[in-house]
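User: Please take a close look at one part of this model, the open sheet and what lies against it. Set it in the context of the whole chain and of a few other local features.

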Amino acid sequence: MTTGNPSYTNPKPCKHLADYKLNHGLSGYKSLQKHLKTAPHGKTSVGKPNTKTPRCISCDGFQGRLYFCLICSSVSCLDHNLLHIQSEIGHDVAVDIERAELYCCVCCDQVYDPDFDKAVISKHIMGITGDKNGDESIGKRLVKRRRLSSGVVEELVDSKISKQLISMRDRRAKSCYPLGLRGLNNLGNTCFMNSVLQALLHAPPFRNYFLSGGHNHETCRKRSVGRLCLPCDIDVVFSAAFSGDRAPYSPAQFLYSWWQHSANQASYEQKDAHEFFISVLDGIHEKEVKSTQSRNQNRDNGDCQCIAHGVFSGLLRSDVTCMTCGFTSTTFDPCVDISLDLDTNNFPSKNTATKSIKPDANSSMSTLLGCLDLFTRQEKLGSDSKLYCQNCHERRDSAKQMSIKRLPLVLCLHIKRFEHSPVTKMSRKIDRYLQFPLSLDMTPYLSSSVVRNRFGNRIFAFETGESDISAEFEIFAVVTHAGTLESGHYVNFLRLRNQWYKCDDAWINEVDEGMVRASQCYMMFYVQKSLYQKANEDWSCLPISPRRNMFGQ
């Protein structure tokens, strides 16, 4: 983390956590260590002695999130946390049993405390020193575990263990994991941020730009007093992720910088990953466009050349046809993602290039190709949405059809899982599973294909633009959401060198394709096939690309 920056300010800590530490110090953290359990892959949870399954003291429930009180060691579910703190004054701070993370029962929010992290890390160290299989097994285990900075090592372990950890540095660099694959610490309900950051860190053209010095935080002059530079702090995250260090990284400065850009989002409450993605790209554009040649570009025409739009921006075409005279009005709109409704009808897909992906007969299953078909399918607008026809000179019934005029280098597909009913005034999450292809041919969804199909494959003259970018894409990242609308968790699955990795905040694990497909996809990231193939090369053996090659072409 960059130091000496006068514009960098820490957020106000949780008052209830501060009161707890003032009254009890670190004694609760130390006593909690005996209840911590570390799985073979390095994930830590809380378990009470002589208890197989923890249960809520109020309802005896064991499903959902459970919380361990740091003062009385009682366990409460999310519904009865409030009851516990009302009956036990001062019992405001608990620990999420499943994830071993601090939780404020008054704020109803996760909170972050470096002292608590040290206690968890210390438990890891005790487990490492108790291993009987020798240094080699320790090195393998450390690849998937949190590691200590030199300062923390000196504070928590003796010199013998410190030397042992230092000797592991070379092994970290030789890990079988690709360079840049590094866990991100949860700073308090920030799984939405971590899951999207992992996708941005491994989007080939976006990555190439920052690693080639496209925006250097050390030389940037855009920082002003009291204002952080979002691209600078993204550059810091890239530097940390590709430094070769495997220890989980805390993107705190980036979080505070994003808060300054989106002041209405500045809290530790859970946010929507898709809204965060849009907000970050908007923040990058806002900073980049002020000091580059892009400042003279009109953002609305889709020609902005800032890195955010240069990588993620495409162009949508909308055709509205009068049902009376057949006159068609065409408009074009830039986009950095495409939001898709889930195809509940499972109608056949136009894309025959991927024959192995077929609609499932199960009503709880949708297909990505079906969602894309639904997006480009002509729909009749309701009678209450009559549009003015320039030919008839009055409002008429009409039909609308969407298509893609220009594809981006990186295609972000957002699956609409959260819906709000204007009738019941209630929101809900759609828990349908989604089949998706690893290789995606977007040709059937281009404007040229859609319009030709509409008019019986007659020959139409189209402007240039569609053929500039290949329509063949490969998936490299999937952001999933588990849980309900009110309480859920985001996880990122990365596909690097044709191997899937699960990025669950600080924890990185190799997983098989089946685990990814069994998750509920929320955001899907595809990249041009040629760029994915280049990215499959071992970056640890390649020099950083020159800036003139920032898009990897």
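Analyst:

**The open sheet and its surroundings**

Of the protein's 553 residues, 52% count as buried. The model is a predicted one. It holds 18 helices and 25 strands. About 26,200 Å² of the protein is exposed, and carbon and sulfur atoms supply 49% of that area. Among contacts between residues at least 6 apart in sequence, 68% join residues at least 24 apart.

The part in question is an open sheet of 4 strands with antiparallel pairing. Its strand order is E9-E8-E15-E12. The edges are formed by strand E9, residues 328–335, and strand E12, residues 379–380, each of which pairs on one side only. On the E12 side, the pairing partner is strand E15, residues 398–406; the two strands run antiparallel and are joined by 2 bridges. In one of these strands, E15, Ala 399 is the bridge partner of Lys 380.

A helix is packed against this sheet. Helix H16, residues 447–454, lies across strand E8 (314–322) and E15. The angle between H16 and E15 is about 145°.

Outside the listed strands of this sheet, another strand is worth a look for its contacts. Strand E10 spans residues 338–340 and includes Leu 340. Leu 340 counts as buried because its relative accessibility is 0%, and the cut-off for buried is under 20%. Neighbours within four places in sequence left aside, the contacts of Leu 340 fall into two stretches of the chain. One set is Leu 368, Cys 371, Leu 372 and Phe 375, and the other is Leu 413, His 414, Ile 415 and Lys 416. For one of these partners the separation can be given: Leu 340 and Cys 371 are 31 residues apart in sequence, yet their C-alpha atoms are 5.9 Å apart in space.

Burial can also be followed along a whole helix. Helix H10, residues 204–211, is mostly covered, with 8 of its 8 residues buried. The buried residues are Pro 204, Pro 205, Phe 206, Arg 207, Asn 208, Tyr 209, Phe 210 and Leu 211. Arg 207 and Asn 208 are thus buried along with Phe 206, Tyr 209 and Phe 210. After H10 comes Gly 213, which has a positive phi, near 85°.

To return to the sheet, E8 and E15 sit between the edge strands in the order E9-E8-E15-E12, and H16 lies across E8 and E15.

Note on methods:
Residues are numbered from 1 along each chain as its sequence is written. This is a predicted model: local features need pLDDT of at least 70, side-chain atom pairs count only at pLDDT 80 or more; totals for chains, interfaces and linings use all residues. Side-chain values use heavy atoms; hydrogens and water are left out. Buried means under 20% relative accessible area, exposed over 50%, partly exposed in between (1.4 Å probe, protein chains only). Contact means heavy atoms within 4.5 Å. Two strands pair if DSSP finds at least two bridges between them. Axes are lines fitted to C-alpha atoms, for helices over the stretch in contact, and angles run from 0 to 180 degrees between N-to-C directions. Accessible areas come from the Shrake-Rupley method with a 1.4 Å probe; for residues, only the protein chains shown count as cover.
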